[in-house]
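Okay, thanks for coming, everyone. I'll put the model up and then walk you through two spots I looked at.

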Amino acid sequence: MSTTVLAPGFTNAPHDAQRLFRGVLDAFSHPGRIVELRDAPAGPGTLSTAAIGFLLTFADRETPLWLEAGIDKQEVRDFLRFHAGAPIVQAREAATFGVIVAGGGEPFAGFAIGTDTYPDRAATLVIEVPALDGGQPAIWRGPGIDREVRVAIDGLGDGFWPAWSANHALFPCGVDLVFASGSRLIALPRSVAVEA
Amino acid sequence: MPDTTIQNTLPQDGAYNYAYLDEQTKRMIRRAILKAVAVPGYQVPFGGREMPLPYGWGTGGIQVTAALIGRDDTLKVIDQGADDTTNAVSIRRFFARVADVATTTHTEEATIIQTRHRVPETPLKDGQILVFQVPIPEPLRMLEPRETETRTLHALSEYGVMQVSLYESIARHGRIAKTYNYPVMVNGRYIMSPSPIPKFDNPKLDHSAALQLYGAGREKRIYAVPPHTPVKSLDFDDHPFEIETWTESCALCGSTESFLDEMIVDDTGKRLFVCSDTDYCESRR
């Protein structure tokens with residue numbers, strides 16, 4: 001029998017979650033802005049601390065999670081089940097939150113995009129990227145952005161921005177994204193158009 | 001200007017979780033807020049809770065504020081522009097007691113401003129959040145009472161009924177007679193109720209640097225306007241949107257630019273005009 005030590009979650013749940021939420025809300029209100037999630041728990045090490053901080057802030061027993069094969073490991077499942085209580089599902093369409101590693105094909109295919117009458121019933125995807133800058137620059141325009149902003153997220157595959165354009169064209173339906181790297185993240189709500 | 005931020009000294013109410021709501025409820029509201037920001041102007045349903053005050057007193061705004069607020073925040077609460085009215089004082093005191101938060105009456109010092117029926121005169125800046133208390137979130141409700149129908153109209157962006165109602169107002173009164181809760185188009189997609197603010201405040205919603213969140217407690221809806229988002233008041237080419245103007249100026253500070261309240265000051269009907277925004281007015285005297 002093997003025993004593993006579970007990585008710690010929040011030290012003070014109401015205050016830790018509140019600070020992280022305000023960081024994420026700042027990111028969603030200002031797409032393209034790099035937001036540092038200070039004091040996010042380190043987690044089991046497979047995911048970035050920003051992704052861990054995001055999931056512990058928003059996921060609970062009401063929000064099924066989908067994990068990409070590369071990060072669907074026992075220590076990640078144990079950590080998220082224990083600290084967030086979120087069910088981990090196999091079907092993308094059942095997930096409220098998905099965690100994806102950048103670079104794969106068809107990153108958004110199959111996730112819930114909401115309906116015309118309830119566009120809020122759409123998934124939010126956390127995409128693990130190698131770096132939030134230093135990649136190929138793209139121009140973002142939309143709500144939350146003063147005119148335009150240049151964002152150069154690294155490690156996204158060739159098909160990524162065409163897939164995003166298709167997602168943006170579904171507005172008001174569509175998925176919302178969070179790019180996570182280390183303790184920092186950038187949000188990309190479906191309302192934002194990207195010129196790659 | 002003197003620093004008027006008041007550090008909280010009220011004893012904390014240990015019988016409740018921080019900021020009154022339990023963590024599960026806050027997560028649910030926070031998820032709704034994220035979706036509201038992602039789809040500007042769309043009303044996100046949420047599981048509104050009973051709050052320790054009646055509907056109509058800001059239960060929606062309070063739940064949004066409770067999901068936002070932290071010990072680092074400075075809270076301002078206004079009711080019709082005033083910091084010292086019953087509703088504003090009660091809500092400010094509520095959060096000082098359950099969220100251990102500093103409070104202020106100065107717009108510039110606040111990180112969260114909860115408001116009933118006004119937008120502060122002082123321009124808001126990046127990092128501030130304006131939380132509106134909303135009685136009826138659905139702008140089409142007085143034209144179409146069925147929720148299933150209004151939801152479909154929003155889905156199809158079918159807003160002819162609203163244009164017709166504005167046209168009828170022009171046909172009857174010679175102008176668009178609506179003076180508060182004046183409907184707006186957000187980011188060219190959703191018609192939104194700006195809550196019962198005077199139409200004087202509508203231009204302040206357009207491309208604001210602050211995040212706007214709207215909470216409706218009875219109807220259990222949250223919606224949002226992110227910063228730098230176009231918010232257009234509905235009008236016609238030959239009847240463009242106009243805001244109120246006054247021939248009088250504020251009797252206390254002399255402002256000719258702020259929204260003025262009319263007050264009857266004696267039994268002979270003597271009238272006085274004063275700024276509705278008390279903080280703005282006091283800062284000018």
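Let's start with a hairpin: strand 8 and strand 9 of chain B form one with 4 residues between them, and Lys220(B) in the turn has a positive phi of about 60 degrees. Strands here are DSSP E runs of at least two residues, helices are H or I runs of at least four, and both are numbered from the N terminus. Quick caveat: this is a predicted model, where local features need pLDDT of at least 70, side-chain atom pairs count only at pLDDT 80 or more, and totals for chains, interfaces and linings use all residues. Residues are numbered from 1 along each chain as its sequence is written, with chains lettered from A and ligands numbered from 1 in the order in which they are written.

Back to the hairpin. Its two strands run antiparallel, joined by 5 bridges (pairing takes at least two DSSP bridges), and Gln212(B) has Val225(B) as its bridge partner in strand 9 of chain B. Strand 5 of chain B, residues 129-133, is also joined to strand 8 of chain B by 5 bridges, but runs parallel to it. There, Gln133(B) sits opposite Gly215(B).

So how many residues of strand 8 of chain B are buried? It's 6 of the 6, so the strand is largely enclosed by the rest of the structure. Buried means 20 or more other C-beta atoms within 10 Å of the residue's own, with C-beta atoms placed from the backbone. Both faces are covered: Leu211(B), Leu213(B) and Gly215(B) on one side, Gln212(B), Tyr214(B) and Ala216(B) on the other.

Second spot: the axes of helix 1 and helix 2 of chain A come within 9 Å and cross at roughly 110 degrees. Axes are lines fitted to C-alpha atoms, over the stretch in contact for helices, and angles run from 0 to 180 degrees between N-to-C directions.

Definitions and conventions. A residue is buried if 20 or more other C-beta atoms lie within 10 Å of its own, exposed if 12 or fewer, and partly exposed in between; C-beta atoms are placed from the backbone.
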